Amino acid sequence: MPTTRRKLLLEAGRCAAALAASQIGALKALPLQQPASSVHNHQTSGMDHPGLQLKEIPVHRPLRVDRLEPFVDPLPIPPVAKPLGVRADPTGKSPHRIDFYRLTMRQVPTRIHRDVPPTPMWSYAETVPGPTIEARTDHPILIEWVNALPSAHFLPIDHTLHGAASDQPEVRTAVHVHGAKVPPQFDGFPEDWQSPGQTYQAVYPLNQQAATLWYHDHAMGIERLNQYAGLFGFFLVRDEAEDKLALPSGRCEVPLAFADRLFAEDGSLYYPDSGDPAAPWIPELYGDAMLVNGKLTPFLEVEPRPYRFRILNAANSRTWIFALSNSQTFHQIGSDQGFLPTPVQLSQLQLSPGERADIVIDFSPAHGQLLTLNNQSWELMQFRVASPQSATAPLSLVPLPSLLRSIQPIPQSASVRTRLMILREYMDTAPKRMLMLLNGTRWHEPITERPELDSVEIWSFANTTGDIHPIHLHLVRFQVLDRQSFNADEFLLSGKLNYRGTPVPPPLGERGWKDTVQTYPETVTRIIVRFEGYAGRYVWHCHLLEHAANEMMRPFEVMPKA
Ligand SMILES: [Cu+2]
C-alpha cells in the first residue's frame, strides 16, 4: 500500500485532526494546521483581556490505551435479531406475510475494556455492533427502524457541511443496508432522514445471493459521527448453495467488525475537531483504540479446527492489513457480495472502510498455542487454541470445497458506456480546508450519472490523490476489471491521461462480486457493473466517512428502460 506524507503524519500524530496537506491538487504544499492534541488542551486566559469572564474549556485527557492489559475480555458476539412476528408486505410484492423486525436506536452504556469506565454509545438495540440480522435469499423482511436517540448530539457537528445546517435537527438518522438490492425508497437516501421520535419502515426483498452485508447510518453530513457513535451492525444473507458448502457454522462462524476509536480517560468517546468551532470537520479519523466487536484486544477461545470469520471494516478511515502472529495462512472464501469462485490462500488481507471478507482460519496447526490477529504492528485480538484432547466434538475435518460459486465475468463488450470519474483534492475557500470531489462536482449539483435499468457500464475511477478511496455504489454489485497506474501530475496540469505500465488484473480475492472497491493513488481502477434491480435515485461515494460527509458523495439515478 503506498504511504503518503499525509498518511504518515496521520498515523504518527494520532489525534492529528486537521492535517490537510495535499500532494496533488489545485494547490500544492498546503500548510499543515495545528494538531488536535494541542488544539484541545488550551484554556481561555483572562490575562490578555482583563474584565472578561473566564470560560473554562474542558481539557481532553486521552485514555492511555497502551497501558491497558490486553486480552482480558472475551470477544463479544453480537446477538442475532429476532423477528417480532409476521406482517403483510407493505409493497404488495410478496404474496406471503413476511418477517417483521423492530430495531430501536438509543444511547446505551458499553464497556470497551475491563479496566475502562462505561462508554455511552449509540446502538440499534443494546450492543455495538448492533444485533446481527440473519436473512435468506428471496425471503423478504420488513424492518421498522426507530430513532429513540437523544435530541442533542454528543459529537462535534459541522454545520457548514451539506445537509447539516444549524436549522436542521442535530440528531438525524438514515439507515442504509450496505450491499442490499432494494427499491430506492428503502435504501436510506442520505437526505431522507428521521429525527428522534420518528420511525422508518423498509422492506428488504433479498433477491440476491448469500453475502456478508451490513447496516449503518447514512444521514447527510453526520454519518461519520453516527457510525463513530456505534450505529452499525451485520446483516447476513444465506442461501441454499451456501448450505451445501458445509462451511464451519454455529460457534465456529464468527462475525468480526473492526473499528478504531479515540477515548478520554473517563471512558467517553472522543472525536477530535479541527480547532475551529465554526467548522469542526476533520479530513480523516484515526484512533489508537482498535475495537473488535466493540472490545479492545479481546480474546476468543477456539478449538483446533477451521473457523469461518465474517470480517467487516467498519472504521471511519482506517484501512487494515490483517495477518496472524504465527504467519500461518488462511483462506478467503468471499468478498463484499458473496463467495469467490474458489478459496484463495492468503497470509495477509487488506480491507478498506466498507469492505467485507469471508475467511476460514484452520487452527489445527496451532493447537495449544496463543495466536494474535494483527494489523501491521498492532495486536487486535487473541485466539486461544485448545489442545485436540479438549475438543468438544470430533475433529474430523471437512476440507474446504474447491468450487464455491460459479461467477461469469461480465464481458466488456456488453458495456454501453464508459465513464471516467476523477477523484481529486482541492483546497476549499470558505471555510479554508481540504475538499475531495468526484468529477469536480458537489452533492447538490444536477445528477450526471443516469444509467438505464439493466444496462452495463464501465466506470473508470482516476484517483489523482495520495489516498486509497474506497468507492461504494449503492444498489448494485460489480466486478473489478483492472488497475493501471497513470501520471497524475501531468493529468492535473494538462488533462492528459498518460498511463504508466500495463493494466493489472485484480488479485484473486477481488475476483468475486464487489460493492466497494479500493481505488489506489495515481491509478485508474476500472469496474464493470450491470444496473439491475430497480430504477430510481441512489448514491455512490467514497467510504472514508469524513470524505463522504464533505462532498465526496454523488447521487446517481437508474433510469427506467426506454
Ligand atoms: Cu475518499
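**Sheets, core and two loop residues in a predicted model**

In strand β22, the bridge partner of Phe299 is Gln382. This pairing belongs to a predicted model, in which local features need pLDDT of at least 70 and side-chain atom pairs count only at pLDDT 80 or more, while totals for chains, interfaces and linings use all residues. Residues are numbered from 1 along each chain as its sequence is written. Helices (H or I, at least four residues) and strands (E, at least two) are DSSP runs, numbered from the N terminus.

Staying with that first pair of strands, β14 and β22 (residues 378–385) run parallel and are joined by 4 bridges; two strands count as paired if DSSP finds at least two bridges between them. Both sit in an open sheet of 5 strands, ordered β14-β22-β21-β16-β19, with mixed pairing. The edges are taken by β14 (299–302) and β19 (349–351), and each has a single partner strand, so one side of each is left without a neighbour in the sheet. On average, neighbouring strands here are turned by 25 degrees against each other, direction ignored. For such angles, axes are lines fitted to C-alpha atoms (for helices, over the stretch in contact), and the angles run from 0 to 180 degrees between N-to-C directions.

Stepping back to the whole chain, there are 6 helices and 32 strands. Of the 562 residues, 47% are buried. Here a residue is buried if 20 or more other C-beta atoms lie within 10 Å of its own, exposed if 12 or fewer, and partly exposed in between, with C-beta atoms placed from the backbone. Among contacts with a separation of 6 or more, 75% come from residues 24 or more positions apart; a contact means that two C-beta atoms, placed from the backbone, lie within 7 Å.

How far can the model be trusted? The pLDDT, which is the predictor's confidence in each residue from 0 to 100, averages 90 over the chain, and 89% of the residues score at least 70. Residues 1–51 are another matter: the pLDDT there is below 50, although this stretch has 96 contacts in the model beyond near neighbours in sequence. Where pLDDT is low, the predicted coordinates should not be read in detail.

A second open sheet has 4 strands in the order β29-β26-β31-β32, and its pairing is antiparallel. Its edge strands are β29 (516–519) and β32 (553–558), each with a single partner strand, so one side of each is left without a neighbour in the sheet. Neighbouring strands of this sheet are also turned by 25 degrees against each other on average, direction ignored. Inside it, β26 (residues 469–473) and β31 (residues 536–542) pair in the antiparallel sense over 3 bridges, and Leu473 has Trp540 of β31 as its bridge partner. On to the edge, β31 and β32 pair over 6 bridges, again antiparallel, with Tyr538 matched to Phe556 in β32. Despite its place at the edge, β32 is mostly covered, as 5 of its 6 residues are buried.

Then there is the nonpolar core, meaning a set of buried Ala, Val, Leu, Ile, Met, Phe, Trp, Tyr and Cys residues joined through C-beta atoms within 7 Å. The largest one holds 129 residues, and those touching the most other members are Ala135, Tyr204, Phe235, Ala257, Phe258, Ala289 and Val529. Strand β10 (residues 253–263) gives the largest share of this core, 6 residues. Phe258 has a long list of contacts beyond four places in sequence, including Met290, Leu312, Trp320 and Leu380.

Strand β4 (residues 130–136) is mostly covered, with 5 of its 7 residues buried. It runs parallel to β9, joined by 5 bridges, and Gly130 has Gly233 as its bridge partner in β9. Just past β9 (232–238), in the loop leading to α4 (240–244), lies Asp239. This residue is partly exposed, with 19 other C-beta atoms within 10 Å. Beyond four places in sequence, Asp239 touches Arg136, Thr137, Gln209 and Ala210. Asp239 and Arg136 are 103 residues apart in sequence, yet 5.7 Å apart in space, C-alpha to C-alpha.

Gly509 is another loop residue, placed between β28 (499–504) and β29. Gly509 counts as buried because 20 other C-beta atoms lie within 10 Å. Its contacts beyond four places in sequence are Gln332, Ser335, Leu340, Val344 and Leu346. The C-alpha atoms of Gly509 and Pro341 are separated by 9.6 Å, with their positions 168 residues apart along the chain.
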